[in-house]
Amino acid sequence: MAKKEVTYRFPEGFLWGGAIAANQSEGAWLADGKQPQATDVMVGITSDAHTPGLKYNEEKGQWEMALYEDKVYLAHEGIDFYHRYKEDLQLMAGMGFNCFRTSISWARIFPDGDETAPNEAGLKYYDDLFETMLSLGMKPIVTITHFDTPLRLMTRYNGWSNRQMIDFFMNYCNVIFRRYGSKVKYWLTFNEINNLYRMPLAAGGVVPARFDPQAKDFMVCYSEQELNQALHNTMVANAKCVKLFHALIPDGMIGCMIAGSHLATYPASCDPQDVLATLDARRNTFLFTDIMAAGVYPSFLRKLWKDHGTEPAMEDGDLELIRDNTVDYIGFSYYFSNVCKADPEGEFFEGSLTKGGKKVPNPYVTEKSPEPWKFPIDPKGIRYVLEEYTDRYHKPLFIMENGIGLDEKEEDGQMIHDPVRVKFLEDHLKEVHKAIEDGCDVRGYLWWGPIDVVSSGTGEMRKRYGFVYVDRHNDGTGDLHRSIKESYYRYKEIIENNGL
Ligand code: BG6
């Protein structure tokens with residue numbers, strides 16, 4: 001294709017690609033020795049957060065898998081990426097991707113999580129997967145864990161609230177770094193770890209003493225103490241993992257991965273109360289990068305722990321380890337922005353540790369994506385997040401996920417026209433470009449779900465993000481064939497021109 005005039009040109013060597021996760025795409029949930037993991041017992045991580053397929057066995061004194069017969073666990077078969085990755089990666093290469101992000105399923109490598117020896121069949125699968133990416137000109141970007149703690153680590157150890165998890169995790173990291181270090185140079189530790197307080201089951205593998213289907217906020221089911229402990233344990237694991245990574249793969253980069261939409265939270269007005277409530281809400285996202293990227297526990301958090309009497313147990317050397325082993329870059333997802341209004345009696349604002357703000361609509365951001373997504377479309381929010389991270393940490397940034405979920409159907413073999421997706425893509429990229437011009441060191445842009453995958457939040461296929469359509473539906477029907485949507489050609493053109 002002839003090169004077009006490019007107004008928004010991206011830096012030389014910019015990484016263009018897309019991102020998926022093992023648990024939402026691979027399927028083959030019990031193949032080649034794999035055992036169940038966190039999202040295997042949930043239809044969706046938000047929709048099923050309080051009614052997972054788990055039952056308490058009084059005799060054994062622990063939780064066990066007990067799936068509901070009337071629920072469709074679409075992720076068990078996913079889009080069958082496990083068997084079709086060669087064909088799917090070809091399609092990605094067809095858009096000119098020079099990188100591709102996916103995750104390794106921890107339970108394929110250590111099926112129960114607490115074994116000492118890895119499962120060779122699982123290791124072999126990722127050998128082939130990364131080889132295929134490289135042969136197609138795509139640098140693999142790998143998330144070590146994407147909401148998929150092996151189930152046994154949850155039912156037996158109560159996930160990340162237990163310090164033993166650090167050893168299991170490090171055993172896993174040690175194996176995958178040694179095995180794939182020569183092929184994979186970009187890594188991420190925990191996917192959207194700032195969802196720990198909002199979705200402790202998926203993000204931290206923490207099983208509460210009881211589940212309450214009516215519960216609106218997490219504190220009803222979980223104790224603040226166990227979540228604070230899970231935070232500290234994951235933060236120590238993050239630092240240890242970074243340290244090991246730098247020793248084993250010195251020519252690579254390892255980052256953290258944050259749900260950045262929470263950071264794009266604006267005050268409802270210039271009323272100082274709204275401004276302070278927003279400060280508080282945003283702190284709950286910043287705290288994770290303060291620890292992982294700057295190496296410090298923020299003072300507001302320490303005070304909160306003290307006031308509530310919920311300080312996590314720490315061991316000698318933990319704080320020094322965290323201080324000395326910060327991530328090389330910040331990876332984040334961005335989908336939409338939020339508005340916060342002061343409300344002292346209100347609910348916890350999007351997984352905040354404190355009450356004090358509620359979510360209200362933004363009268364200035366009126367464009368909304370259609371059902372089932374319904375989120376405000378705010379391209380400026382992505383620039384806001386990029387600039388804020390740059391000002392605060394001065395580290396390289398990667399947009400690890402951006403995208404829009406639409407309800408789309410194929411008709412009579414006609415190509416799906418998705419102008420809403422194309423506009424979303426273009427508008428967000430223009431804002432990314434402005435941030436780069438302002439000096440933000442943005443290394444790459446990855447579209448979430450460049451091929452339709454199972455939704456993480458609601459476990460549906462109906463919410464499609466892809467440039468490539470997959471014939472699978474909410475009731476589990478569909479022959480899984482792939483077809484190209486119109487947006488595929490637009491993204492291809494943008495990548496070819498290294499800009500818009
Ligand atoms: C991010 C997750 O939060 O958002 C992905 O890292 C997820 O796993 C994506 O799929 C989109 O959310 P959803 O719920 O629409 O799939």
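This note walks through a predicted model, beginning with its barrel, moving on to a smaller set of strands, and ending with the ligand and the residues around it.

1. The barrel. Eight strands form a closed barrel that runs E1-E4-E5-E6-E7-E9-E12-E13, and the pairing within this barrel is parallel. Averaged over neighbouring strands, and with direction ignored, the turn of one strand against the next is 25 degrees.

2. One pair within the barrel. Strand E6, which spans residues 186–190, and strand E7, which spans residues 253–259, run parallel and are joined by three bridges. One place to look for this pairing is leucine 188, whose bridge partner in E7 is glycine 255.

3. A helix against the barrel. Helix H12, made of residues 379–393, packs on this sheet and touches E7, strand E9 (329–334), strand E12 (397–402) and strand E13 (442–448). The direction of helix H12 makes about 160 degrees with that of E9.

4. The open sheet. A separate listing of three strands, in the order E8-E10-E11, describes an open sheet with mixed pairing. Strand E8 (265–267) and strand E11 (357–359) are its edge strands, since each of them pairs on one side only. Neighbouring strands of this open sheet are turned against each other by 40 degrees on average, again with direction ignored.

5. Pairing and packing in the open sheet. E8 pairs in the parallel sense with strand E10, which covers residues 338–342, over three bridges, and threonine 265 has asparagine 338 in E10 as its bridge partner. Helix H9, residues 272–292, packs on the sheet and touches E8, E10 and E11, while its direction makes about 125 degrees with that of E10.

6. The shell around the ligand. The residues that surround the ligand are Gln24, His146, Asn191, Glu192, Tyr335, Glu401, Trp448, Ser455, Ser456, Gly457, Lys463 and Tyr465. By residue type, this shell divides into three nonpolar, six polar and three charged members.

7. Polar contacts and cover. In the side chain of glutamine 24, an N or O atom is 2.7 Å from an oxygen atom of the ligand, and for the side chain of glutamate 192 the corresponding distance to a ligand oxygen atom is 2.6 Å. Serine 456 takes part through its backbone, where an N or O atom lies 2.7 Å from an oxygen atom of the ligand. Of the 380 Å² of accessible area that the ligand has on its own, the protein covers 88%.

Methods
Residues are numbered from 1 along each chain as its sequence is written. This is a predicted model: local features need pLDDT of at least 70, side-chain atom pairs count only at pLDDT 80 or more; totals for chains, interfaces and linings use all residues. Side-chain values use heavy atoms; hydrogens and water are left out. A residue is near a molecule or strand if one of its heavy atoms lies within 4 Å of it. A polar contact is a pair of N or O atoms within 3.5 Å; within protein, one must be able to donate a hydrogen and the other to accept it, and residues adjacent in sequence count only if both atoms are side-chain atoms. Accessible areas come from the Shrake-Rupley method with a 1.4 Å probe; for residues, only the protein chains shown count as cover. Ala, Val, Leu, Ile, Met, Phe, Trp, Tyr, Cys and Pro count as nonpolar, Asp, Glu, Lys and Arg as charged, and the others, Gly among them, as polar. Two strands pair if DSSP finds at least two bridges between them. Helices (H or I, at least four residues) and strands (E, at least two) are DSSP runs, numbered from the N terminus. Axes are lines fitted to C-alpha atoms, for helices over the stretch in contact, and angles run from 0 to 180 degrees between N-to-C directions. Contact means heavy atoms within 4.5 Å.
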